[in-house]
Amino acid sequence: MFFSKRDQGASFEYQARLFLEKQGLTFIAANQHFKCGELDLIMKDQATIVFVEVRQRKNDDFGTAIESVDYRKQTKWLNTASAWLSQYDLSLEDTDCRFDLVAFGASDNDVEWLPNFLDE
C-alpha cells in the first residue's frame with residue numbers, strides 16, 4: 001500500500017503526539033497553518049507551551065532528521081509560533097514557551113526527543 005508524503009507525515013506526527021503524551025505533555029493542537037509556515041504539534045508541559053517540529057528520515061543520505069532543521073526552518077518555526085501566539089494576544093517575549101524536536105529514524109522505534117531544540 002502506498003501512502004502520500006502528507007499521510008506519512010500525519011502518521012509520524014500522531015506517533016510523536018502519543019510519545020509526548022506518555023512523557024506527561026498535554027495536546028493542544030496539530031497542523032496549524034499560517035502564511036509563514038506550519039506548526040506540526042502544539043503541546044503543553046505544565047505551564048509551558050511547547051511548539052513541536054516532527055521530522056523523519058529513512059536514511060541519512062541527505063542528512064539526519066535533526067540536521068534537516070536548518071537556520072531557515074528554525075526562522076520559519078519561530079515566525080509561525082509568533083503568529084499562533086498573536087491570535088491569543090500573546091508573544092514569544094511574554095509567554096513561557098519552548099521549541100522541541102521529535103526526530104524519527106528508519107524505524108518507528110527509532111525516536112529522539114530534543115526539548116529546547118532552539119536553545120541548543
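1. Asp45 counts as partly exposed in this predicted model, because its relative accessibility is 21% and buried residues lie under 20%. Its salt-bridge partner is Arg98, with the closest N and O atoms 2.9 Å apart, and this pair links distant parts of the chain, since Asp45 belongs to strand S2 and Arg98 to strand S4, 53 residues apart. Arg98, by contrast, is buried, with a relative accessible area of 13%. Asp100 joins Asp45 and Arg98 in a network of salt bridges.

2. A search of the whole structure finds five salt bridges, and two of them can be described together through Glu53. Glu53 forms a salt bridge with Arg55, where the closest N and O atoms are 2.9 Å apart, and the side chain of Glu53 also meets that of Lys73 in a salt bridge of 3.5 Å, N to O. The second pair links distant parts of the chain, with Lys73 in helix H2 and Glu53 in strand S3, 20 residues apart. Glu53 counts as buried at 4% relative accessibility, Arg55 counts as buried at 18%, and Lys73 is buried as well. Side chains of opposite charge can pair when their charged atoms come close.

3. For the overall architecture, the reader may start from the two helices and five strands of the protein, which follow the pattern α-β-β-β-α-β-β when read along the sequence. The five strands form an open sheet in the order S1-S2-S3-S4-S5, with mixed pairing. Its edge strands are S1 (26–34) and S5 (111–114), each of which pairs on one side only. Neighbouring strands of this sheet are turned by 25° against each other on average, direction ignored. Helix H2 (residues 71–86) packs on the sheet and touches S1, S2, S3 (48–56) and S4 (97–104), while its direction makes about 140° with that of S3.

4. The pairing of S1 with S2 (residues 37–45) deserves a separate remark: the two strands run antiparallel and are joined by seven bridges, and within this pair Ala29 stands opposite Ile42 in S2.

5. The largest nonpolar core has 15 residues, of which Leu39, Ile42, Ile49, Phe51, Trp77, Trp84 and Phe117 touch the most other members. S2, S3, H2 and S4 each supply at least two residues of this core, and H2 gives the most, with four residues. Apart from this core lies another, of 11 residues, among them Phe12, Ala16, Val54 and Val102. In soluble globular proteins, nonpolar side chains tend to be buried together.

6. Two residues illustrate the contacts in more detail. Leaving aside neighbours within four places in sequence, Ile49 is in contact with Ile42, Met43, Trp84, Leu85, Thr95, Asp96, Cys97 and Arg98. Phe34, which lies in strand S1, touches Thr80, Ala83, Trp84 and Gln87, not counting residues up to four places away in sequence. Phe34 and Ala83 are 49 residues apart in sequence, yet 7.4 Å apart in space, C-alpha to C-alpha. Phe34 is partly exposed, with a relative accessible area of 23%.

7. Taken over the whole protein, 37% of the 120 residues count as buried, and the protein exposes about 7500 Å², of which carbon and sulfur atoms supply 48%. Among contacts with a separation of 6 or more, residues 24 or more positions apart account for 52%.

Note on methods. Residues numbered from 1 in each chain as written. Predicted model: local features only at pLDDT ≥ 70, side-chain atom pairs only at ≥ 80, totals over all residues. Heavy atoms only, no water. Pairing = 2+ DSSP bridges. Axes fitted to C-alpha atoms, helices over the stretch in contact; angles between N-to-C directions. Contact = heavy atoms within 4.5 Å. Core = buried A, V, L, I, M, F, W, Y, C linked by side-chain atoms within 4.5 Å. Buried < 20%, exposed > 50% of the residue type's maximum accessible area, 1.4 Å probe, protein only. Areas by Shrake-Rupley, 256 points an atom, 1.4 Å probe, with all protein chains shown as cover. Salt bridge = Lys/Arg side-chain N within 4 Å of Asp/Glu carboxyl O.
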